[in-house]
Amino acid sequence: MDHIEDTLQRLREAFNAGRTRPATFRAAQLRALGRFLQDNKQLLQDTLAQDLHKLTKLDSAFIRKEPFGLVLIIAPWNYPLNLTLVPLVGALAAGNCVVLKPSEISKATEKVLAEVLPQYLDQSGFAVLLGGPQETEQLLEHKFDYILFTGSPRVGRIVMTAAAKHLTPVTLELGGKNPCYVDDNCDPQTVANRVAWFRYFNAGQTCVAPDYILCSPETQERLLPALQTAITRFYGNDPQSSPDLGRIINQKQFQRLRALLGCGRVAIGGQSDESQRYIAPTVLVDVQETEPVMQEEIFGPILPIVSVRSLDEAIDFINRREKPLALYAFSNSSQVVNQMLDRTSSGNFGGNEGFIYMTLTSLPLGGVGNSGMGRYHGKFSFDTFSHHRACLLSHAGLEKLKEIRYPPYTAWTQQMISWALASQSCTLL
């Protein structure tokens with residue numbers, strides 16, 4: 001076991017150091033693999049013959065995209081319409097029958113999806129099932145051919161465990177703490193405008209919103225008045241009366257978020273009103289990474305600022321944590337942005353921009369590691385809900401041309417087979 005741990009640690013350290021990322025390294029590895037096949041051709045043929053008595057060739061192939069069958073879509077409450085209909089479009093377009101489980105927390109949208117949507121769709125291939133956690137757990141006991149879940153990593157593990165009992169493939173769109181690095185070389189007002197808009201949009205209840213800022217103490221001092229200016233510009237002197245600022249979904253989430261206001265020190269905002277489930281756009285400073293606000297996804301209009309001394313320290317801070325669904329970097333230097341992109345991993349990345357990429361159907365949405373697996377949006381949704389079936393069609397005749405592949409193998413037939421294999425782009429040994 002020590003040998004296994006040592007090997008895994010060595011490989012993970014190499015990956016974390018960026019050893020495998022450069023295209024030159026990848027190309028060199030592939031060339032080395034090619035040399036292995038070429039230099040050991042006879043050895044490999046002999047070993048295959050010894051183990052399996054096997055030499056097989058794929059002539060040509062195509063991919064047929066087919067529906068999986070019965071698909072389950074479990075939707076969240078924060079964007080209860082968009083995050084329900086977008087995957088539904090892909091599942092229906094791919095030809096699947098769909099069971100839709102809307103969130104019971106967004107009650108008004110749940111009612112419309114359950115009562116109005118079925119009036120428009122052929123219910124022979126579509127159904128809406130309602131309920132809370134207990135009903136969802138019962139639903140997951142049944143076999144589905146594909147499951148797409150959007151929600152927290154905790155519930156995602158429950159969904160994946162249930163799916164594993166039936167070997168059902170899954171797409172998990174989960175959350176996480178999305179870092180936002182702000183370089184010293186930046187225009188603070190431009191950064192503040194963009195960060196504030198994306199942080200406080202939908203009252204911060206967005207899975208790809210920037211969750212916290214990493215910057216130097218000097219940049220923090222420049223950024224705070226700029227953030228205050230942006231918040232006042234967007235929501236006025238009294239954000240609570242602004243029609244453009246949302247509210248927290250329910251009392252449970254409100255109480256959770258209000259407790260987080262005690263972390264660090266409130267530099268901007270901090271007000272709350274339980275009767276309206278209102279929490280003001282808030283910025284926290286002097287935040288320690290051990291505090292609760294840095295231990296969980298905030299999912300609300302609270303933005304902590306954590307001090308780092310350099311880009312390297314920021315990257316190390318990010319890489320010590322679970323891989324986020326999104327990561328953002330702001331700098332006038334493209335080199336800094338590219339360093340952050342090259343040396344970290346996240347589901348999505350925004351350089352000098354927020355989650356505007358969500359509006360682009362040419363880009364997929366998907367997490368990595370703790371923030372999820374799989375992807376969808378636009379054509380990616382169709383592909384996600386389609387089984388990519390590898391197919392080979394051969395002519396019923398022309399047997400004489402194919403006899404070369406049959407044993408017994410002479411030196412001449414082996415030479416012809418080797419030539420044919422070398423000329424094909426797809427081979428199977």
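1. Six-stranded sheet. One open sheet has six strands in the order β4-β3-β2-β5-β6-β16, and its pairing is mixed. Its edges are β4 (126-128) and β16 (372-373), each of which pairs on one side only. Please read this and everything below as describing a predicted model.

2. Inside that sheet. β2 and strand β3 (residues 97-101) run parallel and are joined by five bridges. V71 stands opposite V98 in β3.

3. Seven-stranded sheet. Another open sheet contains seven strands, ordered β9-β12-β13-β8-β7-β14-β15, again with mixed pairing. Here β9 (265-268) and β15 (348-351) are the edge strands, and each pairs on one side only. On average, neighbouring strands of this sheet are turned by 25° against each other, direction ignored.

4. The β7/β14 pairing. Strand β7 (residues 179-182) pairs with strand β14 (residues 326-330) in the parallel sense, over three bridges. Y181 faces this partner strand: the residue standing opposite Y181 is A329 in β14.

5. Helices on the seven-stranded sheet. Helix α12 (residues 334-342) packs on the sheet and touches β7, β14 and β15. The direction of α12 makes about 170° with that of β15. Helix α8 (residues 188-200) lies across β7, β8 (212-215), β12, β13 and β14. The angle between α8 and β13 is about 130°.

6. Two residues of α12. Is V336 buried or exposed? V336, in helix α12, has a relative accessibility of 14%, which is under the 20% limit, so V336 counts as buried. V336 touches Y181, D183, L311 and S331, leaving aside residues up to four places away in sequence. Among these, D183 is 153 residues from V336 in sequence, yet their C-alpha atoms are 7.8 Å apart. L341 also has its place in helix α12. At 39% relative accessibility, L341 counts as partly exposed, because that value falls between 20% and 50%. The C-alpha atoms of L341 and I315 are separated by 9.8 Å, with these positions 26 residues apart along the chain.

7. Aromatic pairs, and a tilted example. The count of aromatic pairs comes to nine. One of the pairs is F68 with Y146: the ring centres are 4.9 Å apart and the planes stand at 40°. That angle lies between the 30 and 60 degree limits, so the pair is tilted. F68 sits in the loop between β1 (62-67) and β2 (70-74), and Y146 in strand β5 (residues 146-150). The pair thus links distant parts of the chain, 78 residues apart. How accessible are the two partners? F68 is partly exposed, with a relative accessible area of 26%. Y146 is buried, with a relative accessible area of 7%.

8. An edge-to-face pair. The ring centres of W77 and F299 are 5.4 Å apart. Their planes meet at 90°, which is over 60, so this pair is edge-to-face. W77 lies in the loop between β2 and α4 (82-93), whereas F299 lies in the loop between β12 (282-285) and β13 (302-307). The pair therefore ties together parts that are 222 residues apart in sequence. β2 belongs to the six-stranded sheet, while β12 and β13 belong to the seven-stranded sheet. Both W77 and F299 are buried.

9. Other ring contacts. W197, F198, F201 and F355 are linked into a cluster by ring pairs. R321 lies over the face of F317, at 3.5 Å from the ring centre.

10. Whole-chain figures. The chain has 15 helices and 17 strands. Its C-alpha trace spans about 85 × 55 × 40 Å along the principal axes. Of its 429 residues, 41% count as buried. The accessible surface comes to about 23,400 Å², and 56% of this belongs to carbon and sulfur atoms. What share of the contacts with a separation of 6 or more comes from residues 24 or more positions apart? The share is 67%.

Notes. Residues are numbered from 1 along each chain as its sequence is written. This is a predicted model: local features need pLDDT of at least 70, side-chain atom pairs count only at pLDDT 80 or more; totals for chains, interfaces and linings use all residues. Side-chain values use heavy atoms; hydrogens and water are left out. Rings of Phe, Tyr and Trp (its six-membered ring) pair if their centres lie within 6.5 Å; planes under 30 degrees apart count as stacked, over 60 as edge-to-face and the rest as tilted. Helices (H or I, at least four residues) and strands (E, at least two) are DSSP runs, numbered from the N terminus. Buried means under 20% relative accessible area, exposed over 50%, partly exposed in between (1.4 Å probe, protein chains only). A charge sits over a ring if NZ of Lys or CZ of Arg is within 6 Å of the ring centre and within 35 degrees of the ring normal. Two strands pair if DSSP finds at least two bridges between them. Axes are lines fitted to C-alpha atoms, for helices over the stretch in contact, and angles run from 0 to 180 degrees between N-to-C directions. Contact means heavy atoms within 4.5 Å. Accessible areas come from the Shrake-Rupley method with a 1.4 Å probe; for residues, only the protein chains shown count as cover.
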